[in-house]
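Grab a pencil and have the structure open beside you. Try each exercise yourself before you read its solution.

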Amino acid sequence: MDLQNQQRILDAAQKYGAENVIVLLGSADAEGAGLYAETVTAGDPTYAGPLAGVSLGLPVYHVFDEVIKAEADKGAWEEQISMMEMVLDTQKLAGSVADMRDQHSKSKL
Amino acid sequence: MGKLSGKKLILLGERDGVASPAMEACFAGSGAEVVFSATACFV
């Protein structure tokens with residue numbers, strides 16, 4: 001994750017409180033989704049950015065997680081996301097993020 | 001009231017997956033506020 005985004009996430013977590021923030025990912029590959037999820041929960045695994053050594057423990061979900069999909073506007077989902085839902089491995093993506101969430105998130109939905 | 005109501009959303013989209021504006025459109029009526037939104041591009 002680039003350094004500016006890490007800083008913005010750190011700022012938001014500090015401003016609003018980690019328990020009030022939810023991170024949603026739209027990654028196309030499970031490995032990338034897992035790295036993003038690790039960064040916002042356990043800290044930056046590359047030790048390059050502002051989140052290095054900072055375990056925010058934010059609740060993080062892939063947008064394809066059923067819990068999140070259930071909260072989406074049905075019409076907008078159909079129009080904006082359903083196409084990618086058909087071509088991507090949604091279970092693998094949601095599962096990769098869930099693994100990190102289960103290990104490192106301090107709160108969940 | 002939905003589970004996202006009152007929450008602050010950080011949206012990290014990806015151009016080859018689901019971009020952030022698409023997520024914003026889907027959760028605009030959820031009662032949550034988008035506080036940061038970015039779309040990565042790895043091309």
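Below are five exercises on this predicted model, each with a worked solution.

**Exercise 1. Work out the strand order of the sheet that chains A and B build, and find its edges.**

Step 1: Walk across the open sheet of four strands, and you read 2(A)-1(A)-1(B)-2(B), with parallel pairing.
Step 2: Look for strands that pair on one side only; these edge strands are strand 2 of chain A and strand 2 (33-40) of chain B.
Step 3: Check the twist: on average, neighbouring strands here are turned by 20° against each other, direction ignored.
Step 4: Add a helix. Helix 1 of chain A packs on the sheet and touches strand 1 of chain A plus strand 1 and strand 2 of chain B. Its direction makes about 170° with that of strand 2 of chain B.
Step 5: Now add helix 6 of chain A, which also packs on the sheet, touching strand 1 and strand 2 of chain A. The direction of helix 6 makes about 170° with that of strand 2 of chain A.

**Exercise 2. Zoom in on strand 1 of chain A: which strands does it pair with, and is it enclosed or open?**

Step 1: Towards chain B, strand 1 of chain A pairs in the parallel sense with strand 1 (residues 8-14), over five bridges. Here A:Val23 stands opposite B:Ile10.
Step 2: Within chain A, three bridges join strand 1 to strand 2, again running parallel. This time the bridge partner of A:Val23 is A:Val60.
Step 3: Recall that side chains in a regular strand alternate between the two faces of the sheet.
Step 4: Sort the residues by side: A:Val21, A:Val23 and A:Leu25 lie on one, A:Ile22 and A:Leu24 on the other, and all are buried.
Step 5: Five of the five residues are buried, so strand 1 of chain A is largely enclosed by the rest of the structure.
Step 6: Follow the chain onwards: strand 1, helix 2 and strand 2 of chain A make a right-handed β-α-β unit.

**Exercise 3. Check whether the length of helix 6 of chain A agrees or disagrees with its residue count, then find what covers it.**

Step 1: Helix 6 has 15 residues (90-104), and at 1.5 Å a residue it should span 21 Å.
Step 2: Its end C-alpha atoms are 21 Å apart, so the two agree.
Step 3: List its buried residues: A:Leu93, A:Ala94, A:Ser96, A:Val97, A:Ala98, A:Met100 and A:Arg101.
Step 4: Their cover includes strand 1 (21-25), helix 2 (30-41) and strand 2 (60-62) of chain A.

**Exercise 4. Describe the side of chain A that touches chain B.**

Step 1: Start with the contacts: 26 residues of chain A meet 26 residues of chain B.
Step 2: Helix 1 (3-16), strand 1 and helix 4 (74-80) of chain A each give two or more residues to this side.
Step 3: Sort the side by class, and you get 18 nonpolar, five polar and three charged residues.

**Exercise 5. Sketch the layout of chain B.**

Step 1: Chain B has one helix and two strands, in the pattern β-α-β along the sequence.
Step 2: Its C-alpha atoms fill a box of roughly 40 × 15 × 10 Å along the principal axes.
Step 3: Of its 43 residues, 44% count as buried.

Note on methods. Residues are numbered from 1 along each chain as its sequence is written. Chains are lettered from A and ligands numbered from 1 in the order in which they are written. This is a predicted model: local features need pLDDT of at least 70, side-chain atom pairs count only at pLDDT 80 or more; totals for chains, interfaces and linings use all residues. The expected span of a helix is 1.5 Å times one less than its number of residues. A residue is buried if 20 or more other C-beta atoms lie within 10 Å of its own, exposed if 12 or fewer, and partly exposed in between; C-beta atoms are placed from the backbone. Two residues are in contact if their C-beta atoms, placed from the backbone, lie within 7 Å. Two strands pair if DSSP finds at least two bridges between them. A crossover is right-handed if, with the strands pointing away from the viewer, the path from the first strand over the helix to the second runs clockwise. Ala, Val, Leu, Ile, Met, Phe, Trp, Tyr, Cys and Pro count as nonpolar, Asp, Glu, Lys and Arg as charged, and the others, Gly among them, as polar. Axes are lines fitted to C-alpha atoms, for helices over the stretch in contact, and angles run from 0 to 180 degrees between N-to-C directions.
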